[in-house]
Amino acid sequence: MQEPSEGVTPADKNSLRLTKVKKTAAGIPAAISSLNHGIRKMGVSKTIKTLLMVNQKEGFDCPGCAWPDPNHRTSFEFCENGAKAVADEAMKDKVNPTFFKRYDVQSLLKKSDHWLNKQGRISHPMVLKAGSSNYEPISWNDALDLISESIKSMKEPSNGVYYTSGRTSNEAAFLYQALVRSLGTNNLPDCSNMCHESSGKALGSTIGIGKGTVHLEDFNKSDLILVVGQNPGTNHPRMLTALRDAKRNGSKIVNINPLPETGLSRFKHPQEYMELDLTSTQLADMHLQVKIGGDAALFQGVIKHLLDTNMFDSNFIDTYTIQFDELKSHMDSFSWEQATQDSGISKESIISFAEMCANSTATIACWAMGLTQHRNGVAVIQEVVNLLLLGGHIGRPGAGVCPVRGHSNVQGDRTVGIWEAPSDNFLESMEKGLGFELPKEHGYDVVESIRAMEQGEVEVFVCMGGNFLSATPDTRRTAKAMKNIDLTVQISTKLNRSHLITGKNALILPVLGRTEIDIQNSKKQFVTVENSMGVVHRSEGKLKPTSSTLMSEPSIVAELGHRLVPHNLPWLNLSSNYDGIRDLMSRSLNGFENYNQRVRQDNGFLLPNPPRDELKFKTPSGKAVFSMNPLPDVSVKENEYVLMTMRSHDQYNTTIYGLHDRYRGIHGNRRVVLMNALDMVENGLKTRDTVHLSSHFNGSVRNSANWIVIAYDIPKGNMAAYFPEANELVPLDSVAELSNTPTSKWVVVSLSKGKDLSEEE
Ligand SMILES: Nc1nc2c(c(=O)[nH]1)N[C@H]1C(S)=C(S)[C@@H](COP(=O)(O)OP(=O)(O)OC[C@H]3O[C@@H](n4cnc5c(=O)[nH]c(N)nc54)[C@H](O)[C@@H]3O)O[C@H]1N2
Ligand SMILES: Nc1nc2c(c(=O)[nH]1)N[C@H]1C(S)=C(S)[C@@H](COP(=O)(O)OP(=O)(O)OC[C@H]3O[C@@H](n4cnc5c(=O)[nH]c(N)nc54)[C@H](O)[C@@H]3O)O[C@H]1N2
Ligand SMILES: [Mo]
């Protein structure tokens, strides 16, 4: 069954409580919930003080998500889940040497993710020596020496792997990639490999830049907004305000999602409650309840109709694109029967959606994990691009592509060099700036890193944030692989399962969070971040650090650089004043000229974006490219289902804040699987029954026991469960073509009826 030593999340002990699915997002309950979270974790006065500083010009960037801030901010520029993220970071430093003396690693492994996170901030550097049962304190100096000695004694530079999660600032990430490349490898996997990698690949190949092309202001100028495979009410709550404002300006919104997702039906801004305005806004004009993996079929249907009815912008197509004729002939083999069957959407609905697209003067397409984490993640995003190119909706005000990023600085980290597959251009300009030669051979991404660990080819593994074990697929296999490593190093703020499934020796290095004052050489420092729309701006911590023993991320990297490659850069000078790091960035990165001056402007500055700024496409042909892709095979065997793994309203990736998925009405227990009622009847199941799940991939089977079934409004044949719990079912080798992203939204499973849990005890 569930063996904690295999790294899987133990089942919740609490009983499940179900309430009605919410119709309206945000509003008073959201305001109360954010205050509650804050007050429980920080106390009343700190809560109010802290929340007023989030996303203000002089304050810190919200560690919640990468949604941009409007230029004119109100003191309500925080949201429920942003408030939770801030409160979670501002917790007391209870995970200290006494804590680690009290709990050995084996007993911590039996605790839930929720419990682990709830214990507070990590205060001291800790070491877990080979063969010992508990972490012990270690001095910073000894910890940094241990890492550098271990790296120096590796057989090959490529036996070191250096992961980054997306909260790391531009300064820390830039210095980190300079260090890793100095060591002779591009092994820089990051959370993006599991997140928007498919978007980067699809956009790079079609419009010549791996990023979105819209500003926040474009939402108000748009005529139609598509929200595809995204749950903004939970994961990007501030986006609902932008959608509401767009709506008030006459824009239409189409929601394409197998689930109804509360935020996209009705929305109520908490501020308006304060102003006693009780009406809420209906957001989505149309909900297309597509089957999981059915989006490509749906988009091809729309494209087919636009081609058949000559509803496209020939001028734009002739001037700015290539391969239109190829697209037309590719669509000759299109079958309505297959498209409607694969998507689960009727021909009439597809056509009325197509007419909305045809009539729109400016369309924005937004998407997130519902598209990227699929076998055809790259191809399906290319269909979205095809659709926009047909109408000329790129590089026009109020129109464009908008991949909605996850982690608050994941886009910035990639811009400054966290990338296992850097382009030649990028390396060339980096070499000029840094003044030494960099390795050219591409490194491991996340999935390749796990395979290398499995083969015993990784000696040192450093994680700049994140929770590698629980965020990656195939938990049991990954756990086994991680145990082969000689030294694992977690640079972290909070306790998580990656501190418990480790290499033979392990270190935890506690760092300052985004919200905290960072003083170097007696001077307050700020860092910089890039949001989802390419705006680079300052973020300055305002809270007293939770512990005096924390180091900043740039300082840790600099200390390692100083020990390992002292002649490459003046490491310690750089970390004693972050302006020095930014000057080096100016010299090494395109678009970062006068960085120190420009980030000091009130709202930061915009990075160049050729399609948006001047309708230029940096593709080999200099034009935007139409793509031809076959539809994926979405059939499964009889008695098999397609499972997606998703976030609840009360978590941040693997950080579980609480057990309330408020909008979906699921409380107290996360080990649940959402199922269509007809499928339940066919299996003789009722809500609250227990099932065992098995996932199937290329003949291999993974088993996961004891999931509680809930009847839910989800297409027949589809199921949904929360991650990280469900990650034990996601096969490592099931990845998206071209982006190598694990297919967390496409897991083929079968189920068997379980016994009542109480009988199993
Ligand atoms: N509060 C909070 N905020 C967060 C996060 C968090 O965990 N908590 N995580 C951050 C991160 S790193 C990221 S990447 C983003 C994630 O933001 P989202 O992508 O919104 O997160 P998911 O929960 O993975 O939800 C994916 C959505 O896709 C839908 N979906 C699944 N399969 C398909 C499909 O085949 N087609 C379509 N059309 N839809 C599908 C699901 O029903 C769900 O609504 O949020 C960021 N913000
Ligand atoms: N099945 C399934 N798996 C998924 C997904 C899915 O939808 N389904 N989504 C994927 C996606 S989109 C993503 S982005 C990844 C997320 O993967 P990760 O980024 O690796 O995971 P997180 O849970 O965000 O990491 C949380 C940890 O980061 C540390 N931390 C927080 N803030 C800071 C900081 O400021 N500095 C440092 N150094 N550490 C900090 C804390 O110790 C905390 O425990 O998960 C992926 N995994
Ligand atoms: Mo993400």
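Reader: What puts a nitrogen atom of ligand 2 in polar contact with the side chain of Asn727?

Author: The gap is 2.7 Å, from the nitrogen of ligand 2 to an N or O atom in the side chain of Asn727. A polar contact is a pair of N or O atoms within 3.5 Å; within protein, one must be able to donate a hydrogen and the other to accept it, and residues adjacent in sequence count only if both atoms are side-chain atoms. So 2.7 Å passes. Tyr163 passes too, with a side-chain N or O atom 2.6 Å from an oxygen atom of ligand 2. The protein covers 96% of the 940 Å² of accessible area that ligand 2 has on its own (Shrake-Rupley method, 1.4 Å probe).

A quick word on ground rules. This is a predicted model, where local features need pLDDT of at least 70, side-chain atom pairs count only at pLDDT 80 or more, and totals for chains, interfaces and linings use all residues, while side-chain values use heavy atoms and leave out hydrogens and water. Residues are numbered from 1 along each chain as its sequence is written, with chains lettered from A and ligands numbered from 1 in the order in which they are written.

Reader: Which residues come nearest to ligand 2, and what makes a residue count as near?

Author: Tyr163, Ser165, Ala471, Glu553 and Thr654 come nearest, out of 30 residues around ligand 2. A residue is near if one of its heavy atoms lies within 4 Å of the molecule. The shell draws at least three residues from each of domain 1 (4-20 + 633-753) and domain 2 (96-193 + 410-601); such bounds come from an automatic or database domain assignment.

Reader: Why is Asn193 called buried?

Author: Because its relative accessibility is 2%, and buried means under 20% relative accessible area, exposed over 50%, partly exposed in between (1.4 Å probe, protein chains only). Asn193 sits in the loop between helix H8 (170-182) and helix H9 (197-207); helices here are DSSP runs of H or I, at least four residues, and strands are E runs of at least two, numbered from the N terminus. The Asn193 side chain also reaches the backbone nitrogen of Val446 at 3.1 Å.

Reader: And Thr472: why buried or why exposed?

Author: Buried, because its relative accessible area is 0%. Thr472 is in the loop between H24 and H25. Leaving aside neighbours within four places in sequence, its contacts include Val446 and Asn727, where contact means heavy atoms within 4.5 Å. Its side chain reaches two backbone oxygens: that of Phe468 at 2.7 Å and that of Leu469 at 3.3 Å. Thr472 and Pro742 are 270 residues apart along the chain, yet 8.1 Å separates their C-alpha atoms.

Reader: Why is Asn521 called exposed?

Author: Its relative accessible area is 62%, so Asn521 clears the over 50% mark. Asn521 lies in the loop between strand S17 (518-520) and strand S18 (523-525), and has a positive phi of about 55° although it is not a glycine. Asp474 also has a positive phi of about 55° without being a glycine, but Asp474 counts as buried because its relative accessibility is 4%.

Reader: What joins Phe723 and Pro724?

Author: A cis peptide bond, with omega about 10°. Pro724 belongs to the loop between strand S31 (718-722) and strand S32 (747-753).
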